[in-house]
Amino acid sequence: MAYLELQNLQREFAGGVRALDGIEVQLGQGEFLSLLGPSGCGKTTALRLVAGFDRPDEGRIVIDGKDITNVAPSKRDMGMVFQAYSLFPNMTAAQNVEFGLKIRRKGKGERSGRVGELLELVGLGHAGDRYPHQLSGGMQQRVALARALAIEPRVLLLDEPLSALDAKVRVQLREEIRRIQLELGITTLYVTHDQEEALAISDHVAVMYRGRIEQIGPPAEMYSRPATPFVAEFIGTMNRLEATVSDPTSGTVEHGGVTLTVDAARGRTKGDRILVLIRPETVELAPENGSNPANTLSGEVIAQTFLGPVTRLKVVGPGADLIADVSTAKAATLPIGMKVTAALPVTDARVLELSDEGFEIAEEPGQAGR
Amino acid sequence: MGKVKPRRSMAPSAVFWLLLGGLYFFIPLLTTLLFSLKSNQTGKCCTAANYGWVIHNGEFWHTLKISFLLALETIAVSLTIFVPTIYWVHLKVPKLRPVLASLALIPFVVPPIVMVVGLLKFYKGTPSWFYGQPWGFLAGAYVILAFPYMFFSLDAGFRSIDVHTLTEASQSLGARWTTTLFKVILPNIRSAALAGSFLALAIVMGEYTIANLAAFHTFPIFIQYVNETQGFPAGALTLLSFGITWAAMGSLLLVGRKRGTRASVLTGAG
């Protein structure tokens, strides 16, 4: 039985802006779900509904079998970590963590024990006496996490808690959040626009777009088997080739005058317009040598982007507009301007119906507005 | 690492303007001090008798007490009305902020003499405990008079903190509205509330027109009376009232210095 259920949540703001269009989520106790999507997709709205800061127009929020849709936020027992630094500036780190326990009228001994324990848990046992302005951004978010955990919340809500931090601290802290979540076994709802972050720490990822959940599933599934073109585009980088099914039995498709074999196209109807999705790391590049091997496209290397252990190459040619990730050592043998062949995978490609409906992925600002 | 440049000394022109400003400020004080030290009988310097006269004057303490209590009442009523109102406006209806700001300008625009005539007419016929007492009618008028100072001070305070996030963080931890307001919001707008309070104090301690027209005997009325009837003690009284105002401002400065120390630590946080 699901511990947290979001049932047909709908929310429309003034001016007819439909922030949530009937989202459905079921999350088991102790599980970690990331709501992932571009700016304006409704992920923060969904989190705020769960926290009780806003009310849905329709739908229900159920925790442990109890409908809490109309319960005040102060009575929901939800621990929340905000995107903006939210520590109370007039209180020390320890006093911030203690705040929720005082509200719950816990005894002094119990309070101080729990505060010490939680500050140790987030690695700030030494900083209890410091005020928020004496802490770095990463430390403030750790204290905010300890403060949210102090009340032993039924669900931990995290609203882009790492977006204001620098890259190194972000990676470090996200791993700590996951470690603590697993250690305490706390049900967690995490909002982010960073797909790498979501994939790295979640049990489940829900990709949202225009107020709807496009796909929900384990990170590996989201990456390898995106259900919609939007998910394919949003999670990782994907080559998108428009093609027509020419032989459903063998999985042969036509793309830009070239015949390709794609296992996933088998069983489709002949003449179907499809989208073949290929991850850059599955494309193999080799210098052109006059031969024309099967399942390859020809083109010229027009750009190289160094990404550390791999280098991303852009290949453009007749019928080919691809990106491929190759080892940096190999990239040195494929300089810009070289004619190459790109071998496409038969088995690793994914096929989707070619939808006429386009989509846009908005740029996520560093500090999302309210 | 480059050499740290020694701090430059002040430019001569800056020293000149600073001196000029200082003279402009201190000469009237100095002359008032010299004036207040003259004997009321002989007109010669120097005696502290005028200060003694003021300090031993029952009316001085009586009117000072009335004005001081009126100031405290004005501050208490203003904070009780304006803190929750401005908090709510910032949190729930930010569109109303410009409307409130416009309303707050009215006491600046309407001359006190016009205001008091209007208020006296409006409240005529109300119970005597309100209309006939400084704690009722006069305090009410002073709350209106202090509105712009209170509003703009508090508004600046609320704008300097993230009202939404702090409120939501407090609520998510189980706090009710009152707990959030008193434990989380108020301590973080303390400086703004103090600034507004001291401005209100200064206004009430010096307000003459309304008190005079409404026939209440307050500290400024007493100052004016002494000024008209006693030459040299009036100087002593002026300096004493000036000292009271400066003591209030000094307290504000101390609070501000505390926060300034915190801010300097902030720049050092990694």
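How many residues does helix α10 of chain B have, and what span does α10(B) reach from its first C-alpha to its last? In this predicted model, α10(B) covers residues 190–206, which gives 17 residues. The helix reaches 24 Å between its terminal C-alpha atoms, close to the 24 Å expected at 1.5 Å a residue. Buried positions in α10(B) include B:A192, B:A193, B:A195 and B:G196. Further along the helix, B:S197, B:F198, B:L199, B:A200 and B:L201 are buried as well, as are B:V204 and B:M205.

Chain B as a whole contains 13 helices and 0 strands, so that its elements, read from the N terminus, run α-α-α-α-α-α-α-α-α-α-α-α-α. Of the 270 residues in chain B, 29% are buried. When contacts in chain B between residues at least 6 apart in sequence are considered, 78% join residues at least 24 apart.

Two loops of chain B carry backbone features of note. Most residues other than glycine have a negative phi, and most peptide bonds are trans. B:C45 and B:C46, however, are joined by a cis peptide bond, with omega about 0 degrees. B:C46 is located in the loop between α1 (12–36) and α2 (49–55) of chain B. B:A215, which is not a glycine, has a positive phi of about 60 degrees. This residue, B:A215, belongs to the loop between α11 (209–213) and α12 (219–229) of chain B. Because 10 other C-beta atoms lie within 10 Å, B:A215 is classed as exposed, the limit for this class being 12 or fewer.

The interface between the chains was examined next. On the chain B side, 21 residues are in contact with 25 residues of chain A. The elements of chain B that give two or more residues to this side are α8 (163–172), α9 (177–188) and α13 (231–266). The largest share, 7 residues, comes from α8(B). By residue class, the chain B side divides into 9 nonpolar, 8 polar and 4 charged residues.

Chain A contains paired strands, among them β7 (residues 155–159). Since 5 of the 5 residues of β7(A) are buried, the strand is largely enclosed by the rest of the structure. In a regular strand the side chains alternate between the two faces of the sheet. In β7(A), A:V155, A:L157 and A:D159 point one way, whereas A:L156 and A:L158 point the other way; both sets are buried. Strand β6 (residues 78–81) of chain A pairs with β7(A) in the parallel sense over 4 bridges, and A:M80 has A:L157 of β7(A) as its bridge partner. β7(A) also pairs with strand β8 (residues 187–192) of chain A, in the parallel sense and over 5 bridges. Here the bridge partner of A:L158 is A:Y190 in β8(A). Together with helix α5 (residues 167–184) of chain A, β7(A) and β8(A) make a right-handed β-α-β unit.

Antiparallel pairing is found elsewhere in chain A. Strands β1 (residues 4–13) and β4 (residues 58–63) of chain A pair in this sense over 5 bridges, with A:L6 opposite A:I61 of β4(A). β4(A) pairs in turn with strand β5 (residues 66–67) of chain A, antiparallel and over 2 bridges; A:I63 has A:K66 in β5(A) as its bridge partner. The hairpin of β4(A) and β5(A) has 2 residues between the strands, and A:D64 in this hairpin takes a positive phi near 50 degrees.

A positive phi, near 50 degrees, also occurs at A:R210, a residue other than glycine. A:R210 is in the loop between β9 (204–209) and β10 (212–217) of chain A. With 17 C-beta neighbours inside 10 Å, A:R210 counts as partly exposed.

An open sheet of 5 strands in chain A has the order β15-β19-β16-β17-β18, with antiparallel pairing. Its edge strands, β15 (284–287) and β18 (320–327), each pair on one side only. Neighbouring strands of this sheet are turned against each other by 45 degrees on average, direction ignored. Within the sheet, strand β17 (residues 310–317) of chain A pairs with β18(A) in the antiparallel sense over 8 bridges. A:T311 stands opposite A:V326 of β18(A).

Notes: Residues are numbered from 1 along each chain as its sequence is written. Chains are lettered from A and ligands numbered from 1 in the order in which they are written. This is a predicted model: local features need pLDDT of at least 70, side-chain atom pairs count only at pLDDT 80 or more; totals for chains, interfaces and linings use all residues. Two residues are in contact if their C-beta atoms, placed from the backbone, lie within 7 Å. Ala, Val, Leu, Ile, Met, Phe, Trp, Tyr, Cys and Pro count as nonpolar, Asp, Glu, Lys and Arg as charged, and the others, Gly among them, as polar. Two strands pair if DSSP finds at least two bridges between them. Axes are lines fitted to C-alpha atoms, for helices over the stretch in contact, and angles run from 0 to 180 degrees between N-to-C directions. A residue is buried if 20 or more other C-beta atoms lie within 10 Å of its own, exposed if 12 or fewer, and partly exposed in between; C-beta atoms are placed from the backbone. A crossover is right-handed if, with the strands pointing away from the viewer, the path from the first strand over the helix to the second runs clockwise. The expected span of a helix is 1.5 Å times one less than its number of residues.
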